[in-house]
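These are my notebook entries from a session with one structure. I recorded what I looked up, in the order in which I looked.

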Amino acid sequence: MNEDHKPLVTRREFGRTAAAASAAALVGALSVAEWRLIERNDRLRSAMRADVTGANSLEAHAAKRGLLYGAAVDPELLDVEGVAKGHTKDAYTQLVSAQTGILVAENAMKWRALRPALDRFDFALADRMMRFAGLTGKRVRGHNLCWHEALPDWFAGAANKDNGRKLLTDHIRTVAGHFRGQLQSWDVVNEAVEPDDGRADGLRRSPWLELVGPDYIELAFRTAAETDPQAKLTNNDYGIETDKPEEAAKRAQVLALLQRLQARGVPIHAMGVQSHLLAKGQQPGAGLQSFLSEVAGMGLEVYITEMDVDTTGVAGGTRARDAAVAKVYGDYPALVLADQNVKMLLTWGLTSANSWVNSRERRMKRFPDLGWQRPLPFDDDFAPTQAFWALRAALDQVPARV
Ligand code: G3I
């Protein structure tokens with residue numbers, strides 16, 4: 001029961017479920033199917049019960065503190081036509097509309113999505129999201145101009161040391177040019193640091209490093225700055241949040257990279273901390289706090305760009321795992337948003353229904369024994385999870401931005 005809201009569920013429906021439960025309790029344990037029905041009804045009931053839109057939304061609670069909350073979206077799922085006509089019945093579109101102040105395309109602005117062929121760009125999906133953002137008054141951040149993943153199938157056969165620089169600059173000029181003046185920020189370079197690759201500078205042995213050399217990062221930022229002077233140019237990375245030795249080491253290399261770039265006068269404005277967190281194990285703390293202060297001291301903003309919480313290794317059923325996720329959604333935003341230089345928090349999706357954490361690719365390849373997860377503020381039925389309430393309460397505690 002959510003203390004803020006009176007139940008909206010019909011008395012008859014509630015009575016029927018309660019009667020079934022008590023009757024079955026009288027005659028012995030409920031069948032699994034019956035418990036599942038009750039649990040699903042609970043979820044549907046919570047979806048019906050709590051009004052979490054308007055002033056009750058994550059977007060509104062963040063805005064009250066001078067913050068932006070947003071999420072990664074799949075433009076293919078957005079009912080842009082309905083929104084353009086003034087009303088959409090689509091639950092996903094309603095959820096994104098109600099909860100977010102800023103959007104990022106989960107995949108639609110990556111090389112793979114934009115480049116069906118070496119000599120062809122396809123902006124249809126990305127433009128769909130931009131149109132939705134325009135209709136709903138939302139900001140957009142771009143993700144991403146240069147990454148070692150999500151490269152099109154033709155890339156390996158077409159790219160070489162002779163054309164690598166031109167491939168990168170042509171891509172950035174075309175893509176950042178297409179969205180010029182429309183984006184709050186770009187993830188110009190994504191996941192450039194990988195200490196396990198053994199380089200003194202900590203750089204990942206990405207195709208871009210092999211093709212262009214270590215100055216591919218500077219080239220990408222300078223090209224983006226020339227093309228779209230309005231977007232805040234961001235270096236985005238993951239695995240830098242806790243004080244586990246490997247994460248502290250990676251964080252130090254990321255900081256050193258930022259310092260090298262700034263010493264060379266490279267135009268960079270922000271650091272994106274992806275924040276794909278684990279509910280089990282050591283949690284972010286002092287190391288991240290001092291990193292945030294160092295980055296602020298360099299005059300760079302910080303964005304929490306891709307938060308979600310994975311329950312790998314957490315014992316117990318849904319309730320226990322939801323509670324573990326909610327604890328992180330309470331503690332982590334409180335930690336990072338206490339720093340006034342952290343300007344926004346985006347989750348990597350809104351609902352577990354289409355979280356990458358539950359993707360077949362991830363579950364079969366890496367975590368075959370892992371059940372379906374609930375890593376985000378809303379569940380498969382688009383009902384607010386415990387994480388929603390924890391995140392919203394954490395937003396309410398953030399010192400208001402001046
Ligand atoms: O669209 C195709 C579909 O046509 C095909 O049938 C299907 C099966 O192969 O693949 C679909 O493409 C998938 C795409 O997601 C859209 O669902 C790709 O295989 C899959 O690799 C891709 O995964 C994305 C991944 O980045 C790689 O680009 C995830 O959705 C996305 O959540 C994830 O996001 C990354 C951030 O960009 C960077 N930070 C880490 C984060 C999580 O990995």
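**Entry 1: The chain as a whole**

I began with burial and found that 52% of the 402 residues of the chain count as buried. I note at the outset that the model is predicted. I then looked up the secondary structure, which comes to 16 helices and 9 strands. For contacts in the chain between residues at least 6 apart in sequence, I found that 79% join residues at least 24 apart. Lastly I looked up the surface: the chain exposes about 17,600 Å², and carbon and sulfur atoms supply 54% of that area.

**Entry 2: The ligand**

Which residues are closest to the ligand? I found 15 residues around the ligand, with Glu 106, Lys 110, His 143, Glu 306 and Trp 348 as the closest. By class, I recorded this shell as 6 charged, 5 polar and 4 nonpolar residues.

I then looked up polar contacts of the ligand. A polar side-chain atom of Glu 306 lies 2.6 Å from a ligand nitrogen atom. For His 143, I recorded 2.7 Å between an N or O atom of the side chain and an oxygen atom of the ligand. For Gln 274, an N or O atom of the side chain is 2.9 Å from a nitrogen atom of the ligand. I also looked up coverage: on its own the ligand has 800 Å² of accessible area, and the protein covers 50% of this.

**Entry 3: Thr 169**

I located Thr 169 in helix α9, which spans residues 164-178. Is Thr 169 buried or exposed? Its relative accessible area is 9%, and the cut-off for buried is under 20%, so I entered Thr 169 as buried. The side chain of Thr 169 reaches the backbone oxygen of Lys 166 at 3.3 Å. Leaving aside residues up to four places away in sequence, I found that Thr 169 touches Leu 219 and Thr 223.

**Entry 4: Aromatic rings**

I searched the whole structure for aromatic pairs and found 9. I examined the pair of Phe 388 and Trp 389, whose ring centres are 4.8 Å apart. Their planes stand at 90 degrees, and edge-to-face requires over 60, so I entered this pair as edge-to-face. I then looked up the burial of each partner: Phe 388 is buried, with a relative accessible area of 0%, whereas Trp 389 is partly exposed, at 24%. I also recorded one aromatic cluster formed by Trp 111, Trp 154, Phe 155 and Trp 208.

Definitions and conventions
Residues are numbered from 1 along each chain as its sequence is written. This is a predicted model: local features need pLDDT of at least 70, side-chain atom pairs count only at pLDDT 80 or more; totals for chains, interfaces and linings use all residues. Side-chain values use heavy atoms; hydrogens and water are left out. Helices (H or I, at least four residues) and strands (E, at least two) are DSSP runs, numbered from the N terminus. Buried means under 20% relative accessible area, exposed over 50%, partly exposed in between (1.4 Å probe, protein chains only). Contact means heavy atoms within 4.5 Å. Accessible areas come from the Shrake-Rupley method with a 1.4 Å probe; for residues, only the protein chains shown count as cover. A residue is near a molecule or strand if one of its heavy atoms lies within 4 Å of it. A polar contact is a pair of N or O atoms within 3.5 Å; within protein, one must be able to donate a hydrogen and the other to accept it, and residues adjacent in sequence count only if both atoms are side-chain atoms. Ala, Val, Leu, Ile, Met, Phe, Trp, Tyr, Cys and Pro count as nonpolar, Asp, Glu, Lys and Arg as charged, and the others, Gly among them, as polar. Rings of Phe, Tyr and Trp (its six-membered ring) pair if their centres lie within 6.5 Å; planes under 30 degrees apart count as stacked, over 60 as edge-to-face and the rest as tilted.
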